[in-house]
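Good morning, colleagues. Please take a moment with the sequence and the structure, and then I shall go through the salt bridges, the pockets and a few individual residues.

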Amino acid sequence: MRDGIKAMLSQHSEEFVIVGEAETGDDALRMARELRPDVMLVDIGLPGLSGIEVTVEIQRHCPEVRVIVLSMYGDESAIVAAVRSGAKAFLVKSASKLDLMTALRTVSRGGSYLSPTASAKLLSRLQKQNDAQDGMPEELAALSPRELQILRLVAEGKSSKEVALLLNLSLETVRSYRKSMMKKLQVNNAAGVTQLALTHGLTRLQHPPGAMAAQTH
């Protein structure tokens, strides 16, 4: 994949110069900090830190670096995750040369880019989310879809490690979502999360798990 992109960009050396490559998420983050490139192409499925986690960290430490996320699949969840992480563009790996060059040029000039297909899927996702939240209790409406998902799993007795495995997220990412969720809900422990989930019918459990208060995360 990288060889193909390099070959393509070699034909546009007057516009873009490749200053570095990385094979893992950790290497990509280190490279961003050291080289401070104008634009980075980041695979969503990097080993180690995922492309989404890398993008979040880049935005935190190197906000001037503009990230384009690449994914094997253009499903709604991947597009939403990329946008929320701070990526300036989202492309599937099968995108045409024209799409990739358009994204690179747009992002390098300070803009954002989504293909028409990705834009349509994102719009559909947002509309569904709005419809779902219209009938949601006010105290839960502030939660993101991912936070709601984690709320349900915590209420069912899952530890942060188990949630991370189920959702294919890092433990630190789950802990961050969990902390944000609990802050929004103004609860201090898993028992409080469970009680809210039970009150609003967000879990299949009929009572809080007995070992909930003893869990370590």
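Let me begin with a question: is Arg 30 buried, partly exposed or exposed? Arg 30 has a relative accessible area of 44% and is therefore partly exposed. I should say at once that this is a predicted model.

Arg 30 also takes part in a salt bridge with Asp 27, and their closest N and O atoms are 2.3 Å apart. Both residues belong to helix α2, where 3 residues, about one turn of the helix, separate them. Asp 27 is likewise in the intermediate class: its relative accessibility is 27%, so it counts as partly exposed.

In general terms, side chains of opposite charge can pair when their charged atoms come close. The count for this model is 11 salt bridges.

A second pair lies in helix α3, where Arg 60 and Glu 57 are 3 residues apart, about one turn of the helix. Their side chains form a salt bridge with an N to O distance of 3.0 Å. Here the two partners fall into opposite classes: Arg 60 is exposed, at 56% relative accessible area, whereas Glu 57 is buried, at 18%.

The third pair is Arg 175 with Glu 172, a salt bridge in which the closest N and O atoms are 3.2 Å apart. These residues are in helix α10 and 3 residues apart, so about one helical turn separates them. Arg 175 is partly exposed, with 30% relative accessibility, while Glu 172 is exposed, with 53%.

Beyond these pairs, a network of salt bridges links Arg 2, Asp 3, Lys 6, Glu 21 and Glu 23.

I turn now to the pockets. The largest pocket holds about 1,100 Å³ of space. Two or more lining residues come from each of α3, α4, α8 and α10, and α4 gives the largest share, with 6 residues. The lining comprises 33 residues in total, and Ile 52, Glu 53, Leu 169, Thr 173 and Tyr 177 lie nearest the centre of this pocket. By class, the lining of the largest pocket divides into 13 nonpolar, 12 polar and 8 charged residues.

What is the volume of the second largest pocket? The value is about 780 Å³. The second largest pocket is also lined by 33 residues, with Ile 18, Gly 20, Val 39, Met 40 and Leu 41 nearest its centre. At least two lining residues are supplied by each of α1, α2, β1, β2 and α5, and the largest share, 5 residues, belongs to β1. By class, this second lining has 20 nonpolar, 4 polar and 9 charged residues.

Next, helix α8, which spans residues 145-155. Its buried residues are Glu 147, Leu 148, Ile 150, Leu 151, Leu 153, Val 154 and Ala 155. After α8 comes Gly 157, with a positive phi near 95°. Ala 155 also leads us to helix α11, residues 190-199, in which Thr 194 is found. Thr 194 and Ala 155 are 39 residues apart along the chain, yet 4.2 Å separates their C-alpha atoms. Thr 194 has a relative accessible area of 1% and is therefore buried.

Finally, the surface. Val 17, Val 19 and Leu 35 make up a nonpolar patch there, with about 290 Å² of accessible area together. Leu 35 is in helix α2, residues 25-35, and its relative accessibility is 41%, so Leu 35 counts as partly exposed.

Thank you for your attention.

Key
Residues are numbered from 1 along each chain as its sequence is written. This is a predicted model: local features need pLDDT of at least 70, side-chain atom pairs count only at pLDDT 80 or more; totals for chains, interfaces and linings use all residues. Side-chain values use heavy atoms; hydrogens and water are left out. Patches are made of residues with over 30% relative accessible area and no salt bridge: like charges are joined within 9 Å, nonpolar side chains (Val, Leu, Ile, Met, Phe, Trp, Tyr) within 5 Å. Accessible areas come from the Shrake-Rupley method with a 1.4 Å probe; for residues, only the protein chains shown count as cover. A salt bridge is a side-chain nitrogen of Lys or Arg within 4 Å of a carboxyl oxygen of Asp or Glu. Helices (H or I, at least four residues) and strands (E, at least two) are DSSP runs, numbered from the N terminus. Buried means under 20% relative accessible area, exposed over 50%, partly exposed in between (1.4 Å probe, protein chains only). On a 1 Å grid over the protein atoms alone, a cavity is a set of points where a 1.4 Å probe fits but cannot get out, and a pocket is an open set with protein on both sides within 12 Å along at least five of seven lines; lining residues have an atom within 4 Å of a point. Grid points are joined across faces, edges and corners, and a volume is the space filled by probe spheres set on the points. Ala, Val, Leu, Ile, Met, Phe, Trp, Tyr, Cys and Pro count as nonpolar, Asp, Glu, Lys and Arg as charged, and the others, Gly among them, as polar.
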